[in-house]
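Thanks, everyone, for making the time this morning. I would like to walk you through one model, going from a helix to a metal site and then on to the charged pairs, so please keep the structure open beside you.

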Amino acid sequence: MAIRPSVEGMTAEQLAALRDAWTKSQALVDDRGFGYWAGVHGLPLPISCRHSPRTQNDFLFLPWHRAYLYFFERSLQDRNKAAAVPWWDWTSDGSHTRGIPEAFDTKKIGKVRNPLREARVAISPDDVKRVRAQAPGTITPGKVPYTRRDPDIPDELPRKATIDSVLAAPTYEDFSTRVENVHNAVHGWVGGTMTLVPVAAYDPIFWAHHAAIDRVWYLWQMSPFGVDPPAAMMDTVLDPFPMTVRQTLNINNLGYDYAVEVIH
Ligand SMILES: [Cu+2]
């Protein structure tokens with residue numbers, strides 16, 4: 001069972017394993033590597049992620065991203081068995097004071113660059129042009145574009161009270177909508193690459209943010225309010241993953257759990 005720690009609760013060993021896996025993953029240019037996995041969300045085409053519903057049985061935001069994290073985390077574990085995607089508690093005192101957690105923000109660890117701070121945006125030159133024209137400032141200038149961030153003030157991150165009210169949602173559709181709104185706010189808060197769906201997943205913080213969203217879903221599932229998604233969407237396949245909505249519902253069946261928050 002992989003235990004996903006909170007970013008601030010990671011031990012030195014957990015952080016080292018994560019950085020090791022991430023560095024090796026970023027160095028791979030084939031479908032085992034970070035660039036490939038980040039690209040599944042958006043560019044290169046097709047854009048596969050599922051966000052706001054278009055029809056009634058289309059509340060696929062939570063299960064799609066759970067499957068996405070699951071397969072990405074397994075690809076990290078192929079690089080380093082001890083790696084687990086940590087969740088960023090944006091409601092913590094630390095986040096409300098310093099903003100982006102230090103583990104994802106430090107420029108260098110010794111003489112080596114921090115793989116959790118930024119990543120190469122591995123898209124074609126044409127796509128680079130389009131992204132720059134459509135949303136200036138979302139990726140760095142220069143021939144090889146990198147992710148960038150432009151965070152707002154730390155105290156504007158979501159608060160515990162907001163999450164408590166999300167967790168009181170009485171129906172799956174209502175919960176999905178409320179949690180997606182909090183999710184959108186954090187994408188906007190981080191700024192830069194995270195604000196544009198086609199490239200957002202290239203920012204390493206995307207994964208810690210989505211683990212936090214996945215954890216809120218897990219907490220709701222365990223709560224008295226938690227219910228399954230509507231029967232009509234249970235057997236929907238979460239393209240491009242060979243997994244149905246039903247198969248995402250139990251995270252222990254997927255081989256992971258969330259650690260109780262500890263701040264070191
Ligand atoms: Cu997102």
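Helix α8 has 19 residues and reaches 27 Å from its first C-alpha to its last, which is close to the 27 Å expected at 1.5 Å a residue. Please bear in mind throughout that this is a predicted model. The buried residues of α8 include Y172, F175, V179, H183, V186, H187 and V190, and what covers the buried residues of this helix includes α3, α7, α9 and α10. An α-helix has 3.6 residues a turn, so residues three or four places apart point the same way. Just after α8 comes G191, whose phi is positive, near 75°.

Two of those histidines bring us to the metal. The copper ion is coordinated by the NE2 atoms of H183, H187 and H210, at 1.9 to 2.1 Å, and along the chain these donors follow the spacing H-x3-H-x22-H. Because H183 lies in helix α8 and H210 in helix α10, the pair ties together parts that are 27 residues apart in sequence. H183 and H210 are both buried.

Staying with α8 for a moment, there is also a charged pair within the helix: R178 forms a salt bridge with D174, with the closest N and O atoms 2.9 Å apart. Since R178 and D174 are four residues apart in helix α8, they are separated by about one helical turn. R178 counts as partly exposed at 29% relative accessibility, and D174 likewise counts as partly exposed, at 25%.

The loop between α6 and α7 is where I would look next. D152 has its place there, and its C-alpha is 9.7 Å from that of V186, although D152 and V186 are 34 residues apart in sequence. Leaving aside neighbours within four places in sequence, D152 is in contact with G188 and W189, and at 38% relative accessibility it counts as partly exposed.

T147 is found in the loop between α6 and α7 too, but T147 is buried, with a relative accessible area of 4%. Beyond its neighbours within four places in sequence, T147 is in contact with several residues, among them R117, E118, Y202, D203 and P204.

Two of those contacts also take part in salt bridges, and a search of the whole structure finds twelve such bridges. R149 pairs with D203, the closest N and O atoms being 2.8 Å apart. R149 lies in the loop between α6 and α7 and D203 in the loop between α9 and α10, so the pair ties together parts that are 54 residues apart in sequence. Which side of the buried cut-off, under 20%, do these two fall on? R149 counts as buried at 16% relative accessibility, and D203 counts as buried at 0%.

R117, for its part, meets D105 in a salt bridge at 3.3 Å, N to O. This pair links distant parts of the chain, with R117 in the loop between β3 and α6 and D105 in helix α5, twelve residues apart. R117 counts as partly exposed at 26% relative accessibility, and D105 is partly exposed with a relative accessible area of 26%. Elsewhere, R4, R66, E73 and D214 are linked in a network of salt bridges.

One last detail concerns the backbone: a cis peptide bond joins D239 and P240, with omega about 0°, and P240 is found in the loop between α10 and α11.

Note on methods: Residues numbered from 1 in each chain as written. Predicted model: local features only at pLDDT ≥ 70, side-chain atom pairs only at ≥ 80, totals over all residues. Heavy atoms only, no water. Helix = DSSP H or I, 4+ residues; strand = E, 2+ residues; numbered from the N terminus. Buried < 20%, exposed > 50% of the residue type's maximum accessible area, 1.4 Å probe, protein only. Contact = heavy atoms within 4.5 Å. Donors = N, O, S within 2.8 Å, 3.2 Å for Na, K, Ca; no water. Expected span 1.5 Å × (residues − 1). Salt bridge = Lys/Arg side-chain N within 4 Å of Asp/Glu carboxyl O.
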